[in-house]
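Visitor: Could you walk me through this model, strand by strand?
Guide: Gladly; here it is.

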Amino acid sequence: MSALVCVARIGAAHGVRGAVKLWTFTEDPFAVRHYGPLLAKDGKRQFEVATAREAKDHLVATFKGVTTRDEAERLNGIELYVPREKLPATDADEYYHTDLIGLAAVTTDGDALGRVLAIHNFGAGDIIEIAPPKGTTLLLPFSNAVVPEVDIAGGRVVIALPQEVEGEDRDEAPSAGRPREGGDP
């Protein structure tokens, strides 16, 4: 079997008839219904989405064979996976996080920075997390300016380290109507 890719995580039970909150990690939240059986991380348990409807920031879903709240509560926290080959091909400059994790990170000069640990999005765009050989991890914007090259076949990402921007003194307030230095206009 090919590598598994996490496409969803089961949350708390919803109601009394076996429904759960389901957080999906796919571009189309409802795509999880079309991948066939979803697998637990160990690959031993399978889940098939029976119904799904949109909620505020997640789906409310039922799985075949899960009909009570008690059964649904036991599923809380299970991550759901599909084999990599079941996912659609990506466009140019699009990547699955799983394809990036573990790649070597090098500077534009070819110096080793570390390995890609994760890709995060806390609401303001994607962030690439790099683990250097020693020291604290680096969190950098995952943008074309900072990551000008992704070479999955070559097993590396090229990082153009941003220049440090010196901040203002705390006792100086920025001018009204003018962006702070280094900030967005």
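Visitor: Let's start in the hairpins: which residue stands opposite Ile-119 in S10?
Guide: Ile-119 faces Ile-128 in S10, where strands are DSSP runs of E with at least two residues, numbered from the N terminus. This is a predicted model, in which local features need pLDDT of at least 70 and side-chain atom pairs count only at pLDDT 80 or more, while totals for chains, interfaces and linings use all residues. Residues are numbered from 1 along each chain as its sequence is written, and side-chain values use heavy atoms, with hydrogens and water left out.

Visitor: How many bridges join S9 to S10?
Guide: Strand S9 (residues 112-121) and strand S10 (residues 126-131) run antiparallel and are joined by 6 bridges; two strands pair if DSSP finds at least two bridges between them. Their hairpin has 4 residues between the strands, and Gly-123 there takes a positive phi near 115°.

Visitor: And what is the partner of Ile-128 in S11?
Guide: Leu-140 is the bridge partner of Ile-128 in S11. S10 and strand S11 (residues 138-141) run antiparallel with 4 bridges, and they form a hairpin with 6 residues between them, in whose turn Gly-135 has a positive phi of about 100°.

Visitor: Switching topic, is Ala-52 buried or exposed?
Guide: Ala-52, which lies in strand S5 (residues 49-54), is buried, because its relative accessible area is 18% and buried means under 20% (1.4 Å probe, protein chains only).

Visitor: What is Ala-52 in contact with, beyond its neighbours within four places in sequence?
Guide: Its contacts (heavy atoms within 4.5 Å) there are Phe-30, Arg-33, Leu-59, Val-60 and Ala-61. Ala-52 and Arg-33 are 19 residues apart in sequence and 8.1 Å apart in space, C-alpha to C-alpha.

Note on methods: Buried < 20%, exposed > 50% of the residue type's maximum accessible area, 1.4 Å probe, protein only.
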